[in-house]
Amino acid sequence: MANTATWKYRCLFVGPLAVAMLTACGPGTGSQDPVERFAYVDETRIRASADHEWPSHGRGYDEQRYSPLAQITSDNVSDLDLAWSWDTGTTRGLQATPIVVDGVMFTTSSWSVVQAHDARTGELLWRYDPEVPREWGALACCDVVNRGVAVWRGMVFVGALDGRLIALDARNGRVVWTVRTTPEDEPYTITGAPRVVRDKVVIGNGGAEYGVRGYVTAYDAWSGEQVWRFYTVPGNPDQPQEGEHLMAALPTWSGEWWVAGGGGTVWDSMAYDPELGLLYVGIGNGSPWNQALRSPGGGDNLYLSSIVALDPDTGSLQWHYQTTPGDRWDFTATQHMILAELEIHGERIPVLMQAPKNGFFYVLDRRTGDLISAEPYVPVTWASHVDPDTGRPVETSVADYSESPQLTLPSPYGGHNWHPMSYSPDTGLVYIPALEIPFVFGPEAQFRYRPGRWNLGIDTSLLVPPGVLEEELAIRAMVKGHLSAWDPVAQREVWRVQHSESWNGGVLTTAGDLVFQGRADGVFAAYRASSGELLWEYPVHNGIIAPPVTYKIDGVQYVSVMAGWGGAFAVASGIPPAAGNVIRDGRLLTFKLGGQGELPAPAPVSAEFPAPPPLEINDEQIARGAEVFHAQCSVCHGVGAVSSGVLPDLRFMTAESHEKFHAVVLGGLYRDRGMVGFGDVLEPGDSEAVQAYIIYRAHVGRSERHLQDSKIEVDAS
Ligand code: CA
């Protein structure tokens, strides 16, 4: 960390084309010439959010992701075509929101790599690779993704997967300062985009599936010095707590939750109201998920699954609203939050809107945190409704999975996950990339806390009951997704576009009466914002999960999106990749009316299901292998050992890979590719059992293929 560089970032900002003409500039000689204030984003600029740019993560501090640009409209969007594309050279998930200011696009790709492009042509101006050690990939619950940078007064800030927060010079990508925001020996990761408020860079982290204590930290933008840190859950009650809010939270916990951290990570959403002077932060799930193992006496477990309003200068708590008291489903409240003014009962009210994982769409008065309304935006089985008087969900019998497994909606993927929504002030609607994914919750029988490893306390193998392929396929058939146009005042769906696949991309709305969304089936699409009518589609041959942005340069409006299949669902769900979702290198794509760009044709993908080794194993070994696999391996290699398209499908392992199996699993032979060794946590015989389970699943996969083939024959006859 160095703050010696501070002076020069107060004086030296030039456009990228003028870099060659630069000469050094000493302290106190700062110029106010706009040309020398390249990427000089500040609070005034974000609050004004000029039509032609995208200066902050959600475009404005209100995070509406709505652009007033209207060159591309519902009338001419059929002429939208590729302007340019750029290959990221990665094959993992792409989730970034590009920032576009002063003609330059700043974005990130997998492994927290930052790049700056000429936003007109795509030309790469610079690239910065923080060289995250690949073994950190094993600590990332949800792929090695990054949701983008923040740009502020000539600097670009990125949170690296391994816990560093790095400030770069916007002109050339050179490091200005670096701070480590997490303890080096604990399984924290950063995937979220920083926000900058009042010259402070705010960043949280993830890791609640592994066993960490959640917090969010603000750093001085000039120096990288820590200004404040807000812990979301109390620590060991025998030690002093780091704030009054934690003293208030203590009675809502029991047992020894702090041993496994308690969870409550701040891994994605924030919003800021400069007038109220409130920073809103979304807080994640409990660690472990199973509350009986985390806080055996129950309790609300504050501030898990809560939205909190903080003083951005001190980090002190102003109000909180807990969406899921005593969370035991991974029902995070880290989902996108949108600030707007809505007319409710004849009064203009400043609201905060969120569709968290738990399935209810919340409208809060953002001055106080009071609940205005909450209604289910997807099917919800764990609660019947939210009590308007108490603001608490009313749980059903499905909520209790302590005795018997419960088929539950929504799932830990949520009714809506990190994929940003959008609010259009023109239509008054919120556009939600909604998920319909069921899940079977049941306690993990042999749970023991394994420091630094996967610690859920639930049994994910329940989704793939051994020997009952039809049941597995029935659960899989329920998995869908849709784009929902939601009226936040009436709390009802106005229209819906049903998608064939789940885990579709984030959303952008524009004044051209348009909603843009990329889809899991490898298509980028535009819909009429008022009706949902499909107006335009462009095949990109790669599942899109990222949210699009739009900007205007030299009178031309552009729309950009990153295409790269990945994220939690794509590594862990055990749902095979979608037809059309051909896995290829990730790309940054930019469109304009009458664009002349072309994408190369996708390489053909083999549909072969190679013959697995013979099945010479007993049921006991398969059962043990299933248990170990789902406790330790399925987070990356998919429930049921089925790849969802990011990592190789283990069922297709060659004889050569099978020979190396134990050297990889126990010895960490592929550590430099992200596959760390598990010799320290596995018992003797576990590796053999896991291998047996994978071979068993390969045979199940072959019979599933056979089942599908025979079904096709039946359907065709
Ligand atoms: Ca989680």
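The second largest pocket of this predicted model holds about 980 Å³ of space. It is lined by 37 residues, and the closest to its centre are His637, Leu647, Val664, Gly674 and Met675. Three elements give two or more residues to this lining: H6, helix H7 (655-665) and helix H8 (686-716). H6 provides the largest share, six residues. By class, the pocket lining has 23 nonpolar, seven polar and seven charged residues. Domain 1 (64-98 + 196-439 + 448-573) and domain 2 (619-710) both give residues to the lining of this pocket, so the pocket lies between them.

**Enclosed space**

The model also has 10 cavities of 30 Å³ or more. The largest cavity has a volume of about 490 Å³. Its lining counts 34 residues, with Cys141, Cys142, Glu209, Asp330 and Ala568 the closest to its centre. Helix H5 (568-572) and helix H6 (619-637) are the elements that give two or more residues to the lining of the largest cavity. Where does the largest cavity lie relative to domain 1 and domain 2? Both domains give residues to its lining, so the largest cavity lies between them.

The second largest cavity encloses about 170 Å³. It is lined by 17 residues, and Leu463, Ile475, Ser573, Ile575 and Val639 lie nearest its centre. Domain 1 and domain 2 each supply at least three residues to the lining of the second largest cavity. Which element gives the largest share of that lining? It is H4, with three residues.

The lining classes of the three spaces are set out here.

| Space | Nonpolar | Polar | Charged |
|---|---|---|---|
| Second largest pocket | 23 residues | seven residues | seven residues |
| Largest cavity | 18 residues | 11 residues | five residues |
| Second largest cavity | 12 residues | two residues | three residues |

**Helix H4**

H4 spans residues 469-477. Its buried residues are Leu469, Glu472, Leu473, Ile475 and Arg476. Seen down the axis of H4, these residues fall within an arc of 155°, so they line one face of the helix. Glu470 and Ala477, on the other side of H4, are exposed. Ile475 belongs to the buried set, and Ile475 is also among the residues nearest the centre of the second largest cavity.

**The calcium ion**

Which protein atoms are the donors of the calcium ion? Glu209 is listed twice, each time through OE, alongside Asn285 (OD1) and Asp330 (OD). These donors lie 2.4 to 3.1 Å from the ion. In sequence the donor residues are spaced E-x75-N-x44-D. Asn285 and Asp330 link distant parts of the chain, 45 residues apart. Asn285 sits in the loop between strand E17 (278-282) and strand E18 (286-287). Asp330 sits in the loop between strand E20 (317-322) and strand E21 (337-344).

Are Asn285 and Asp330 buried or exposed? Asn285 has a relative accessible area of 1%, so it counts as buried. Asp330 is buried too, with a relative accessible area of 6%. Two of the calcium donor residues, Glu209 and Asp330, are among the residues closest to the centre of the largest cavity.

**Backbone details**

Cis peptide bonds come next. The bond from Ser287 to Pro288 is cis, with omega near -5°. Pro288 lies in the loop between E18 and helix H3 (291-294). The bond from Leu302 to Tyr303 is also cis, with omega near 5°. Tyr303 is found in the loop between H3 and strand E19 (306-310).

Positive phi angles follow. Arg198 has a positive phi of about 50° although it is not a glycine. Its place is the loop between strand E11 (195-197) and strand E12 (200-203). Arg198 is partly exposed, with a relative accessible area of 30%. Asp554, not a glycine either, has a positive phi of about 50°. Asp554 lies in the loop between strand E37 (549-553) and strand E38 (556-563). With a relative accessible area of 65%, Asp554 is exposed.

Notes: Residues are numbered from 1 along each chain as its sequence is written. This is a predicted model: local features need pLDDT of at least 70, side-chain atom pairs count only at pLDDT 80 or more; totals for chains, interfaces and linings use all residues. Side-chain values use heavy atoms; hydrogens and water are left out. Buried means under 20% relative accessible area, exposed over 50%, partly exposed in between (1.4 Å probe, protein chains only). Helices (H or I, at least four residues) and strands (E, at least two) are DSSP runs, numbered from the N terminus. The arc is that of the directions from the helix axis to the C-beta atoms. Donors are N, O and S atoms within 2.8 Å of the metal (3.2 Å for Na, K and Ca); water is not among the atoms, so sites may look incomplete. On a 1 Å grid over the protein atoms alone, a cavity is a set of points where a 1.4 Å probe fits but cannot get out, and a pocket is an open set with protein on both sides within 12 Å along at least five of seven lines; lining residues have an atom within 4 Å of a point. Grid points are joined across faces, edges and corners, and a volume is the space filled by probe spheres set on the points. Ala, Val, Leu, Ile, Met, Phe, Trp, Tyr, Cys and Pro count as nonpolar, Asp, Glu, Lys and Arg as charged, and the others, Gly among them, as polar. Domain bounds come from an automatic or database domain assignment.
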